[in-house]
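Thanks for coming, everyone. I'll take the two chains first and then one helix in each of them. Here it is.

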Protein chains: 2
Amino acid sequence: MSQFRIRSKIWLEVDGQPFLGDGRYRLLSAVQRKGSINAAARELGLSYRKVWAQLKAMEETAPFPLMQQRKGGKDGGATCLTPEVLELMGHFEKMRNQVNGEADRCFSKHFGEEADRC
Amino acid sequence: MSQFRIRSKIWLEVDGQPFLGDGRYRLLSAVQRKGSINAAARELGLSYRKVWAQLKAMEETAPFPLMQQRKGGKDGGATCLTPEVLELMGHFEKMRNQVNGEADRCFSKHFGEEADRC
């Protein structure tokens, strides 16, 4: 049955509502890297409106602030993520890698060349 | 950060196309249990057309037959799943449970009361 391939995903919920999954993780990473919502939207090929709506939905359920303004500098400040979100993203990435790894191990056990002997 | 909850899912792909996830697993289980596509659709609150379209999409990519007719009996036969699909569903269920369990363990490690000490 080697034509099959396993895929897996994780996401975090707050009060039963989706809060952080792969899509929003990419979005937050882009905001942090580019320093503005506008530049993040451009990088992701999304409209500013769509990115802003996602961030607003997250802010409404987040138990802490998501973004802060970094004042000053030659380009007049930038948007960056709060330490709380950066910490959460770190946990998310580690958990995602661990869960994906477990999915791959399960798949090898059930579908790999060794499977018939398990 | 105990207001968060982790969720996870797995699915199997064939040639990069989704083949079996939670929804189709429920659908196949219902067909097997009820003995007909029609009765399965009723149980799941879906139209016959929708269930049939899902099964047809699966059959087009499946590397083996999905369903067979069981002839005879007082109700004139029934639709049941082939041994190959039943075996695949068994693997899927075990893998899903293992991956969900790993997601819960990761979450406890990163977000549980013990997390600060990790």
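Start with how the chains relate. Keep in mind that this is a predicted model. Turn chain B by 180°, with 0.0 Å of shift along the axis, and it superposes on chain A with an RMSD of 0.0 Å. That is the relation of a two-fold axis. Which C-alpha of chain B is nearest the axis? That of B:Lys9, 2.8 Å from it.

Now the interface. Of the interface residues of chain B, 100% are also interface residues in chain A, so the copies meet through the same surface.

Next, helix α2 in chain A. This helix, residues 37-44, packs against α3(A), residues 48-61. The angle is about 115°, and the axes lie 9 Å apart. The 65 to 115 degree range counts as roughly perpendicular, so α2(A) is roughly perpendicular to α3(A). The crossing is right-handed.

Who touches whom? From α2(A) come A:Ile37, A:Asn38 and A:Ala41. They meet A:Tyr48, A:Val51, A:Trp52 and A:Leu55 of α3(A). By type, that contact has six nonpolar residues, one polar and no charged. A general reminder on spacing: an α-helix has 3.6 residues a turn, so residues three or four places apart point the same way.

Over to chain B. Which residues of α2(B) are buried? B:Ile37, B:Ala39, B:Ala40 and B:Ala41. What covers them includes α1, residues 22-34, α3, residues 48-61, and β3, residues 67-70, of chain B. Just after α2(B) comes B:Gly45, with a positive phi of about 70°.

That's my tour. Questions, please.

Methods: Residues are numbered from 1 along each chain as its sequence is written. Chains are lettered from A and ligands numbered from 1 in the order in which they are written. This is a predicted model: local features need pLDDT of at least 70, side-chain atom pairs count only at pLDDT 80 or more; totals for chains, interfaces and linings use all residues. Side-chain values use heavy atoms; hydrogens and water are left out. Buried means under 20% relative accessible area, exposed over 50%, partly exposed in between (1.4 Å probe, protein chains only). Helices (H or I, at least four residues) and strands (E, at least two) are DSSP runs, numbered from the N terminus. Contact means heavy atoms within 4.5 Å. Copies are superposed by least squares on the C-alpha atoms of residues with pLDDT of at least 70 in both. Axes are lines fitted to C-alpha atoms, for helices over the stretch in contact, and angles run from 0 to 180 degrees between N-to-C directions. Angles under 35 degrees count as roughly parallel, over 145 as roughly antiparallel, 65 to 115 as roughly perpendicular and the rest as oblique. A crossing is left-handed if the near helix is turned anticlockwise from the far one by less than a right angle, and right-handed if clockwise. Ala, Val, Leu, Ile, Met, Phe, Trp, Tyr, Cys and Pro count as nonpolar, Asp, Glu, Lys and Arg as charged, and the others, Gly among them, as polar.
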